[in-house]
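This report takes one protein chain from its overall surface down to single residues. Look over the sequence and the structure before reading on.

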Amino acid sequence: MTVITFANTKGGAGKTTAAVLLTSELLHRGYRVCVLDADPQRWLARWVEQMGGMPGLSVDSYISSATLQRTMTEKRKMFEYVIVDMPGIQSSLLASAVGFSNHVIVPIQGSHMDAQGGAHVLDLIRYLDRSAGIRVPHSVVLSRVNPLITTRSMQAVKRLLSEQNIHVFDTPIAERSAFREMFDFNCLLRKLDPARVSNLDKAVDNASRYANEVMALVPASQAVEPARMSLRRENRLDTAAAA
Ligand SMILES: Nc1ncnc2c1ncn2[C@@H]1O[C@H](COP(=O)(O)OP(=O)(O)O)[C@@H](O)[C@H]1O
Ligand SMILES: [Mg+2]
């Protein structure tokens, strides 16, 4: 089981969209995926419920630190991927979810506010490393990027991240109506009607290249267990999160 958490303490950064795109592509490739919707607003869980479920996909919501640990243990053998979609607020759940993850993906829009929400998550990851020796691999995916132009603020965010040696995916998630319409029509990206959705082929290509990059970085069977699993006995994560 490989755990990937999507986190940014600002709402609207594109977490749920990035999580749904990855989930859709993993299902398309035949993987079993468990989604933990940690946002009390349950956007992702409701999207799946309104579709009437999907083979290979399970969604749990109303996640707390206690249920997170139990769910991870329960799902270990049943799913190749667990995707955690965090809420757009600062929450005590963040340290637990980060510690359980093989990889944390921080979607960041090219605006200052979003870079700040992402910085909260990146600060926490650095803090866990410094204070408790818990190293959690992480990346930024630039989200809602205008596919035609590179804005100045986007370039500034990219420069800032590379100065801090933070890995940024080569493939940004473009601003595409198809990525909104998955939610409007309650269906997977690849099930949208190309006659009704503009540039669906480009959206599918974008989602596919983004998923390729994620999978190259975080393969289905992780050799290394998440920091939380290995450090649970020592209780180091709980101590760091409480500090
Ligand atoms: N790449 C994108 N293209 C088009 N619309 C997007 C994209 N990313 C997000 N949105 C829209 O922006 C809003 C917020 O995105 P969402 O993924 O829910 O962010 P978060 O989960 O970080 O709060 C939603 O209405 C969503 O449909
Ligand atoms: Mg969300």
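Accessible areas here come from the Shrake-Rupley method with a 1.4 Å probe. The model is predicted. By that method, the accessible surface of the chain comes to about 11,400 Å². Carbon and sulfur atoms hold 51% of this surface.

## Overall build

The chain has 243 residues, and 53% of them count as buried. Its secondary structure consists of 10 helices and six strands. Contacts reach far along the sequence. Taking contacts between residues at least 6 apart, 79% join residues at least 24 apart.

## Cysteines

A disulfide is a covalent bond between the sulfur atoms of two cysteines. The disulfide count for this model is zero. Cys34 is buried, at a relative accessible area of 0%. Cys187 is buried too, at 14%. Both count as buried because each value falls under the 20% cut-off.

## Empty space

Rolling a probe the size of a water molecule over the atoms shows where empty space is left. How many cavities of 30 Å³ or more does a search of the whole structure find? It finds one. The volume of the largest cavity is about 30 Å³. Its lining is made up of Ala7, Asn8, Thr9, Met86, Pro87, Ile89, Ser91, Leu94 and Val121. By residue class, the cavity lining has six nonpolar and three polar members, with no charged ones.

The largest pocket has a volume of about 660 Å³. It is lined by 28 residues. Which of them lie nearest the centre of the pocket? They are Gly12, Thr16, Thr17, Trp43 and Phe183. Three helices each give at least two residues to this lining: α1 (15-28), α2 (43-51) and α7 (177-184). The pocket lining divides into nine nonpolar, 10 polar and nine charged residues. Charged residues are thus part of the pocket lining, whereas the cavity lining has none.

## Positive phi

Most residues other than glycine have a negative phi, and most peptide bonds are trans. Two asparagines in this model have a positive phi.

Asn165 has a phi of about 55° although it is not a glycine. It sits in the loop between α6 (152-163) and α7. Is Asn165 buried or exposed? Asn165 is exposed, because its relative accessible area of 72% is over the 50% cut-off.

Asn186 is also not a glycine, and its phi is positive at about 50°. This residue lies in the loop between α7 and α8 (200-217). Asn186 is partly exposed, because its relative accessible area of 21% falls between the 20% and 50% cut-offs.

## Three buried residues

Val3, Ile63 and Leu142 each have a partner at some distance along the chain. The table gives the C-alpha separations.

| Residue | Partner | Apart along the chain | C-alpha separation |
|---|---|---|---|
| Val3 | Ala97 | 94 residues | 9.1 Å |
| Ile63 | Asp39 | 24 residues | 8.0 Å |
| Leu142 | Asp170 | 28 residues | 8.9 Å |

Val3 belongs to strand β1 (residues 2-6). It is buried, with a relative accessible area of 0%. Beyond its neighbours within four places in sequence, Val3 is in contact with Met72, Val82, Val84, Phe100, Ser101, Asn102 and His103.

Where is Ile63 found? Ile63 is in the loop between β3 (57-61) and α3 (65-75). This loop residue still counts as buried, because its relative accessibility of 11% is under 20%. Setting aside neighbours within four places in sequence, Ile63 is in contact with Leu36, Asp37, Ala38, Leu68 and Leu93.

Leu142 lies in strand β6 (residues 138-142). It counts as buried at 3% relative accessibility. Which residues does Leu142 touch, not counting those up to four places away in sequence? They are Ile108, Met154, Val157, Lys158, Leu161, Val168, Pro172 and Ile173. Of these contacts, Lys158 counts as charged.

Conventions:
Residues are numbered from 1 along each chain as its sequence is written. Chains are lettered from A and ligands numbered from 1 in the order in which they are written. This is a predicted model: local features need pLDDT of at least 70, side-chain atom pairs count only at pLDDT 80 or more; totals for chains, interfaces and linings use all residues. Side-chain values use heavy atoms; hydrogens and water are left out. Helices (H or I, at least four residues) and strands (E, at least two) are DSSP runs, numbered from the N terminus. Buried means under 20% relative accessible area, exposed over 50%, partly exposed in between (1.4 Å probe, protein chains only). Contact means heavy atoms within 4.5 Å. A disulfide is a pair of cysteine sulfur atoms within 2.5 Å. On a 1 Å grid over the protein atoms alone, a cavity is a set of points where a 1.4 Å probe fits but cannot get out, and a pocket is an open set with protein on both sides within 12 Å along at least five of seven lines; lining residues have an atom within 4 Å of a point. Grid points are joined across faces, edges and corners, and a volume is the space filled by probe spheres set on the points.
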